[in-house]
Amino acid sequence: MNSTRLPGISKRLGYLFHSIRFRLVLWFAAILAIVLAAFSIFVYINQSRDIRSEAEYRLERKLAAFDETLTLTANGIYLPQGVLQDTDILILVSNNGQVIASRGPIPNDDADTLARQAVGEFQDHHDSSDGFVSWSQRDGLSNSNYIFVTVPIVGFSRQTGLAILGSPLDPSGLFGRLRFTLLAGTLLTLTIALVGGFWLADRAMRPVHTITQAARSIGETDLSRRLNMKGKDELGELANTFDAMLARLQAAFERQRQFVADASHELRTPLTIVNLETSRVLASRRPVDDYQQALQIIHSENDFMTGLVNDLLTLARMDAGQTAMEKFPVDLSDVAVETVERLAPLSDRRGVILEAGNLPEVHIFGDRKYLIQMMSNLVENAIKYTTGPEKRVCIETGSSDGSAWVSVSDTGPGISPEHLPHLFDRFYRVDKSRTHLTDEESAHNEATGSGLGLSIVQWIVHSHDGEINVESTLGVGTKFEVRFKSA
Ligand code: ADP
């Protein structure tokens, strides 16, 4: 049982050690520890200095009291009442380093050592006794640290020896308490910071966990899920961005799905027609005319499918960003003339008058090949959809307000306003019943359309940072106008 549990625990620990919250808390605690240590050291050094100054001051005051009243008698020292406490040490040392008398909690050995040191120091530094005062510290004496002051004793107008006066450095145990307070305070603060920091980091990181879980659970087919996090903080913003990205993805997937469905649908009709025609003529022997008609229909459907597949390929390349535009200065009127020349045979066949109107030179920066495709699609549509006794299509160019324009107008049936917003949608056709085949049309494959032409036009226009507008009046005609920035 243990063996199965261990990998789980070590995995969890590994995850914890690598988590942002753990590292965040660790850094936070490390910085706090450094700050607290620096603060404690500062306080400790300052307090030590104060405690020592205070101890020196106490000793100086005691010394001053002695100056007036210290009397060296034949029996030893006469101590004025109340000046020294039980913990204070006084050692009188003769000029040759002998302890004359000592009092206080100091063993004889230590008193001797102190006396020798004091005399040595006195002789090292001063020939005369004037102004000699020496401070020293001795740790661990009677379980306490002592501070000593050594001064010469002058009796009977000459220096008779040295007096060493010692007092506990820290009689009230301030050092210990300070050390404890600082250490305990530091540890407590660090513990609280660690626990609190971990709790805070955990709380702060919880939305990230939610986002991760959600991202994990979202499959390709389930893009409808949203995080819907209400927070206005950075993570709330992240979640909203994530939701917006999901919405875009969902829309893109939906478009893709729709595109594939529409493309399949478009292909299914001509394939069915081809299938029906071949089955019909193959069912029994028929006159030659029958075969000819069937082959014409099959040829027409084949042309339609070729056109559709080409358009699909173009759009797929455009969507994938695989269309490399080579932009150079181009004269739009030149492009218009070339388009008119290319489509003259089609317009002749359809009995449409294709005329070039006003075509002043207007230059833009663009890819000639794509601009010809754009104009061809517009003119082809105009020719295809124009009806009536006098069918006319006119192409014009011009410039105004720093932009160059080209327009294609026809005298067709027009497009009713409800269709205009969808005209550039993929596979959108105003008259869906016209998709396939009146006999004459199908024979020429000329009034059939897949609804992709204007999508391609719009893509080309946008790739040139231009805009396209359409105006149409029912029964009068339609005019497409494309505007680009002049070169
Ligand atoms: P299609 O391949 O069907 O022509 P398009 O995207 O080029 O596809 O055009 C979309 C629809 O817009 C057409 O089916 C047609 O109904 C309408 N349309 C386009 N141009 C014209 C026009 N000049 N006059 C009337 N209708 C038009």
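This report describes a five-stranded sheet, the helices lying across it, the surroundings of the ligand and a separate hairpin, all in a predicted model.

## The five-stranded sheet

Five strands make up an open sheet of mixed pairing, and their order across the sheet is β9-β11-β12-β14-β13. The edges are formed by β9, which covers residues 353-356, and by β13, which covers residues 467-473, each of these strands pairing on one side only. From one strand to the next, the twist averages 15 degrees.

Strands in a sheet are held in register by backbone hydrogen bonds, and their pairing can be either parallel or antiparallel. Within this sheet, β11 (residues 392-400) and β12 (residues 403-410) run antiparallel and are joined by eight bridges, with Glu396 having Ser407 in β12 as its bridge partner. On from there, β12 pairs with β14 over eight bridges, again in the antiparallel sense, and Ala404 stands opposite Phe484 in β14.

## The hairpin at the β13 edge

The edge strand β13 pairs with β14 in the antiparallel sense, through seven bridges, and one of the pairs brings Val470 together with its bridge partner Phe480 in β14. These two strands form a hairpin in which three residues lie between them, and Gly475 in that turn has a positive phi of about 80 degrees.

## Helices across the sheet

Helix α7, made of residues 332-350, lies across four strands, namely β9, β11, β12 and β14 (477-485), and its direction is at about 175 degrees to that of β11. Helix α10, made of residues 453-463, lies across β13 and β14 instead, and runs at about 140 degrees to β13.

## Surroundings of the ligand

The ligand has 18 residues around it, of which Asn381, Tyr385, Asp410, Gly451 and Leu454 come nearest. Three of these residues can be described by individual atom pairs: a polar side-chain atom of Asn381 lies 2.7 Å from an oxygen atom of the ligand, a polar side-chain atom of Asp410 lies 2.9 Å from a nitrogen atom of the ligand, and a backbone N or O atom of Gly451 lies 3.1 Å from an oxygen atom of the ligand. Taken alone, the ligand would expose 530 Å², and the protein buries 95% of that area.

Which elements give two or more residues to the shell around the ligand? They are α8 (368-385), α10 and β14, and among the contributors α8 gives the most, with four residues. Helix α10 and strand β14 therefore appear in two settings, since α10 lies across β13 and β14 and both elements also give residues to this shell, with an element here being a helix or strand run assigned by DSSP. By residue class, the shell divides into nine nonpolar, six polar and three charged residues.

## A hairpin earlier in the chain

Another antiparallel pair is made by β3 (residues 89-94) and β4 (residues 99-103), which are linked by four bridges, and here the bridge partner of Leu92 is Ala101 in β4. The two strands form a hairpin with four residues between them, and Gly97 in the turn has a positive phi of about 95 degrees.

Conventions
Residues numbered from 1 in each chain as written. Predicted model: local features only at pLDDT ≥ 70, side-chain atom pairs only at ≥ 80, totals over all residues. Heavy atoms only, no water. Pairing = 2+ DSSP bridges. Axes fitted to C-alpha atoms, helices over the stretch in contact; angles between N-to-C directions. Contact = heavy atoms within 4.5 Å. Near = heavy atom within 4 Å. Polar contact = N/O pair within 3.5 Å; in protein donor to acceptor, adjacent residues only side chain to side chain. Areas by Shrake-Rupley, 256 points an atom, 1.4 Å probe, with all protein chains shown as cover. Nonpolar A, V, L, I, M, F, W, Y, C, P; charged D, E, K, R; others polar.
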